[in-house]
Amino acid sequence: MKDLIRNGHYIDGKWVTGPTLFPVHNPATGDIIAEIARGGEAEAKQAVAAAAKAFPAWRALTAKERSIRVRRWGELMLEHKESLAELLTREQGKPIAEARGEVGYAASFLEWFAEEAKRAYGDVIPSPFPGSKILVTREPVGVVAAITPWNFPLAMITRKAAPALAAGCTMVLKPAEDTPLSALALAALAEQAGIPAGVFNVVAGDARVIGKVLTESEIVRKLSFTGSTRTGKLLASQCANTLKKMSLELGGNAPFIVFDDADIDAAVRGAMASKFRNTGQTCVCVNRFYLQSGIYDAFTTALSAAVRQLRVGNGLTGEVEQGPLINQAALEKVQAHVADAISKGAKVLVGGKPHALGGTFYEPTVLTSARHDMLIAEDETFGPVAACFQFDTEDEVIAAANNTPYGLSAYFYTQDMKRIWRVAEAIESGMIGINEGIISTEVAPFGGVKESGLGREGSKYGIDEYVELKYLMMGGL
Ligand code: ADP
């Protein structure tokens, strides 16, 4: 693992340190893993200049040459899977098995977009005018800024960098303050993969200052952000003056609906995967369980039994299935949501308090009798708390599920084919798991509607976010 630890920025192919450092903590132990240079305005500007300088030569490479380098980057991730997974668990806290899974998921975007690089086809449109031809080409947008969160410190980067680089763009990345080491390890592998200097730059440090440089720059043509809706709106407003292209993957408030006719065992398996993965800290984690009256007791009993089995602890040790929350603020949010729910009548079936391990560990929790005036119904908890609501009719649950400004993911379980189509069409979200709790894959378009964001990542559509169409009218032929 040590060979992948870097503590400076990666700018123009060089490792750059600075006078001020900030610590990166292991959330499971509180230990300092490393101290990292704290970047600010100067480093962000240098990185933008480097990305601008590198852009003409990178876009001029053939798609196949870019593809070879992007693919090699992904292969190197897999060759260093154990080291990357260990680093990821140390700085982020997720169980090592999930960290290994994330390395594979992150590398899959590099493989996928290395392939898509070669398929950025244009068009020839039949012209309505004699003696002319109409062509459409696809060009890279230019210098891209990426700002990424701490919950998937590798995958949220490759999901942006892979299509950007494949399309011929160059990038400046600002990773989350809690998890910069994974981002810097990725940069070390990019260097080894032969990604030229300036094509992929990383500046860690003061989010507000670096973010301002990136969003206000006239050189940066696109912002790709994953994080909270609050920060996404702020960054969008900062980008308004230069009218940047934007991809925003923001918060969610995912409903998980179980109808009376569902396969309860399958629904509980889906619920466990979708709610408790990454300690409930994914933007597609279930936030609201809606259970039809006929199966309410059976489901909450079975879910509680499964939740009681979850082993909580340091993700690096033994068979742990749930790690700590990322930081103290995250713990306080979970505590506030649970306290508010209990004060309004929710009942605790399992958990409901900080874990005896201390630190930011929280007990896997199941609450019943949830209601819509609770914080837990309005805002994503981002923690290991399953809040269960009861409903009677399909119309009632669709209205409840859609009663949120968010629209990222939703899940429902039923065996009725007509209901599957009705509900899938009625739910306002970018992604739906139908009898399935895990939906993320590089081959499918990930993204939300409403205040969950703009654009799609992954899949054949993902590269569109990093290209502009250029229309050529050729006359006088
Ligand atoms: P969370 O609250 O879950 O950490 P954020 O949206 O605050 O979610 O963080 C996601 C990313 O956005 C992180 O990289 C963080 O540093 C960055 N970020 C937060 N605030 C700003 C800001 N004002 N300008 C630029 N980046 C920001």
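Here is a short chat about a predicted model and how its parts fit together.

Me: Before we start, what kind of model is this, and how are residues numbered?
Reply: The model is predicted, so to speak of local features we need pLDDT of at least 70, and side-chain atom pairs count only at pLDDT 80 or more, while totals for chains, interfaces and linings use all residues. Residues are numbered along each chain as its sequence is written, from 1.

Me: Happy with that. Which residues of the largest nonpolar core touch the most other members?
Reply: A nonpolar core here is a set of buried Ala, Val, Leu, Ile, Met, Phe, Trp, Tyr and Cys residues joined through C-beta atoms within 7 Å. Buried means that 20 or more other C-beta atoms lie within 10 Å of a residue's own; 12 or fewer makes it exposed, anything in between partly exposed, and C-beta atoms are placed from the backbone. The largest core has 78 residues, and the members touching the most others are Phe-113, Leu-165 and Met-171.

Me: And which helix gives the most to this core?
Reply: Helices are DSSP runs of H or I with at least four residues, strands are runs of E with at least two, and both are numbered from the N terminus. With 11 residues, the top contributor to the core is helix 4 (residues 96–117).

Me: What is Phe-113 in contact with, leaving aside neighbours within four places in sequence?
Reply: Contact means that the C-beta atoms of two residues, placed from the backbone, lie within 7 Å. By that rule, the partners of Phe-113 beyond four places in sequence are Val-70, Ala-162, Pro-163, Ala-166 and Ile-463.

Me: How many residues does the other core hold?
Reply: This core lies apart from the largest one, and Leu-303, Val-334, Phe-361 and Tyr-406 are among its residues. As background, nonpolar side chains tend to be buried together in soluble globular proteins. The size of this other core is 62 residues.

Me: Let's turn to the ligand. Which residues come nearest, and which elements give two or more residues to the shell?
Reply: A residue is near a molecule if its C-beta atom, placed from the backbone, lies within 6 Å of it. Of the 14 residues around the ligand, the nearest are Ala-207, Gly-211, Gly-227, Ser-228 and Thr-231. The elements giving two or more residues to the shell are helix 7 (207–216) and helix 8 (229–239).

Me: Where does UniProt place the "active site", and is that residue buried or exposed?
Reply: The unreviewed UniProt entry puts this feature at Glu-249; such positions follow the numbering used here, feature names are shortened, and annotations may be inferred rather than shown by experiment. Glu-249 is found in strand 11 (residues 245–249). Not counting residues up to four places away in sequence, Glu-249 touches Thr-226, Cys-283, Gly-447, Gly-453 and Glu-457. Because Glu-249 has 27 C-beta neighbours inside 10 Å, it counts as buried.

Me: Why is strand 13 described as largely enclosed, and which strand does it join over five bridges?
Reply: Seven of the seven residues of strand 13 are buried, so the rest of the structure largely encloses it. Two strands pair if DSSP finds at least two bridges between them. Strand 13 (residues 286–292) pairs in the parallel sense with strand 16 over four bridges. The parallel partner over five bridges is strand 12 (residues 254–258).

Me: How many residues of strand 16 are buried?
Reply: Strand 16 (residues 385–391) is mostly covered. Strand 15 (residues 365–368) pairs with strand 16 in the parallel sense over three bridges, and Val-366 has Ala-386 as its bridge partner. The buried count for strand 16 is six of seven residues.

Me: How far is Arg-288 from Gly-104?
Reply: Arg-288 lies in strand 13 and counts as buried, with 26 C-beta neighbours inside 10 Å. Arg-288 and Gly-104 are 184 residues apart along the chain, and the separation of their C-alpha atoms is 29 Å.

Me: Last one: what is phi of Phe-382 near?
Reply: Phe-382 is found in the loop between helix 12 (375–378) and strand 16. Phe-382 is buried, with 24 other C-beta atoms within 10 Å. Its phi is positive in a residue other than glycine, near 55 degrees.
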